[in-house]
Amino acid sequence: MTRISWINGLVGGLLISSCCVIQLILNLFGIGCAGLNTLLLPYRPLFISLTIISLSYSFFRYRPSKWQFTIIISITLLLSFSPELLRIYNNQFSTNNTIDHDLIITHWEILGMHCEGCRSAVIQSLRKLNEVLSVNVDLETGRAKLTSRNTLDTDAVIQAVQSAGFQAKKLM
C-alpha cells in the first residue's frame, strides 16, 4: 500500500510544480512552452493543500516505514520547490561582476515565455552566444538584457531565442 503514498507524492509534487518539471521534460523533447504556468499557477495553493492532506492520510492509513515516508516527502518537496530552485539557478547567470565602461547592453523582447522553464530555455540559449557576458531575463515583463563587449549580431540573437522555441525583437 505504500505505492499509494508514492503516487500521492509524485502526482501532488508534479501538479504543484507543473510550470517547471513538466515543462522541462517537454523541452527535452523539443516541445516549446505548453503554457501550463498560466493554466495551473492559480491553483497551486489548492494543489499544495491537497498534496498535504493526501500524504497525511496515506501516512496514517498505510503507515509506511520511516525511510519510505522520508523518501516520499523528500521527492514531493523537491518537486514542489522546483520553480523556486530553478529561479535561483537562473538568477546566477544574470549577475555581471565585470565593471567596465566599454560594455554594450542590448534590450530584447521575448515573446511566448510563461514559466521558469521557458525562462531557463531562453537563458541557456543566449548564454551560448560567444560575445554575451551576462543574460538577465525578466519573466514578468518578457524582457531580456544582454551584456557584451562588442555589438551583438541581431540575427544570431534572434536565432538563439528561436532555437529555444520563442520569438525575439530588439528594443531600441
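**A walk from helix α4 to the sheet**

Let us start at Arg-44, a residue of helix α4, which spans residues 44-62. The model you are looking at is a predicted one. Arg-44 has a relative accessibility of 16%, and because buried means under 20%, this arginine counts as buried. What does Arg-44 touch, once its neighbours within four places in sequence are left aside? Its contacts are Ile-16, Ser-80, Pro-83 and Glu-84.

One of these partners deserves a second look. Glu-84 and Arg-44 form a salt bridge, with their closest N and O atoms 2.9 Å apart. Since Glu-84 belongs to helix α6 and Arg-44 to helix α4, the pair ties together parts that are 40 residues apart in sequence. The two ends of this bridge are covered to differing degrees: Glu-84 is partly exposed at 26% relative accessible area, while Arg-44 is buried at 16%.

Ser-80, another contact of Arg-44, leads us on to helix α1. This helix covers residues 2-16 and includes Gly-13. Is Gly-13 buried or exposed? Gly-13 is buried, with a relative accessible area of 0%. Its C-alpha atom is separated by 4.9 Å from that of Ser-80, although the two residues are 67 positions apart along the chain. Leaving aside neighbours within four places in sequence, Gly-13 is in contact with Thr-51, Thr-76, Leu-79 and Ser-80.

Now turn to the surface around helices α5 and α6. Leu-77, Leu-78, Phe-81, Leu-85 and Ile-88 make up a nonpolar patch there, with about 510 Å² of accessible area together. Helices α5 (66-80) and α6 (82-91) each give two or more residues to this patch. Take Leu-78 as an example: this leucine is found in α5 and is exposed, with a relative accessible area of 55%.

With these helices in mind, it helps to step back to the whole chain. The protein chain has eight helices and four strands, and from the N terminus its elements run α-α-α-α-α-α-β-α-β-β-α-β. Of its 172 residues, 38% count as buried. Among contacts with a separation of 6 or more, 73% are between residues 24 or more positions apart. The chain exposes about 10,200 Å², and carbon and sulfur atoms supply 61% of that area.

Next comes the sheet. How are its four strands ordered? The sheet is open, with the order β2-β3-β1-β4 and antiparallel pairing. Strands β2 (132-138) and β4 stand at the edges with a single partner strand each, so one side of each has no neighbour in the sheet. On average, neighbouring strands are turned by 25° against each other, direction ignored.

We can follow the pairings across the sheet from β2. Strands β2 and β3 pair in the antiparallel sense over six bridges, and Asp-138 has Arg-143 in β3 as its bridge partner. The two strands form a hairpin with four residues between them, and Gly-142 in the turn has a positive phi of about 75°. On to the next pair: β3 (residues 143-148) and β1 (residues 104-111) are joined in the antiparallel sense, again over six bridges. Here His-107 has Lys-145 in β3 as its bridge partner. Finally, β1 pairs with β4 (residues 167-171) over five antiparallel bridges, with Trp-108 standing opposite Lys-170 in β4.

A salt bridge also links this last pair of strands, as the side chains of Glu-109 and Lys-169 meet at 3.8 Å, N to O. Glu-109 sits in β1 and Lys-169 in β4, so this pair ties together parts that are 60 residues apart in sequence. Lys-169 is partly exposed, with a relative accessible area of 44%.

Two helices lie across the strands. Helix α7 (residues 116-127) lies across β1, β2 and β3 and runs at about 165° to β2. Helix α8 (residues 154-163) lies across β1, β3 and β4, at about 145° to β4.

Helix α7 holds a salt bridge of its own, between the side chains of Arg-119 and Glu-116 (3.1 Å, N to O). The two residues are three apart, about one turn of the helix, and both are buried. Together with Arg-87, they are linked in a network of salt bridges. In total, the structure holds four salt bridges.

How values were computed:
Residues are numbered from 1 along each chain as its sequence is written. This is a predicted model: local features need pLDDT of at least 70, side-chain atom pairs count only at pLDDT 80 or more; totals for chains, interfaces and linings use all residues. Side-chain values use heavy atoms; hydrogens and water are left out. Two strands pair if DSSP finds at least two bridges between them. Patches are made of residues with over 30% relative accessible area and no salt bridge: like charges are joined within 9 Å, nonpolar side chains (Val, Leu, Ile, Met, Phe, Trp, Tyr) within 5 Å. Accessible areas come from the Shrake-Rupley method with a 1.4 Å probe; for residues, only the protein chains shown count as cover. Buried means under 20% relative accessible area, exposed over 50%, partly exposed in between (1.4 Å probe, protein chains only). Axes are lines fitted to C-alpha atoms, for helices over the stretch in contact, and angles run from 0 to 180 degrees between N-to-C directions. Contact means heavy atoms within 4.5 Å.
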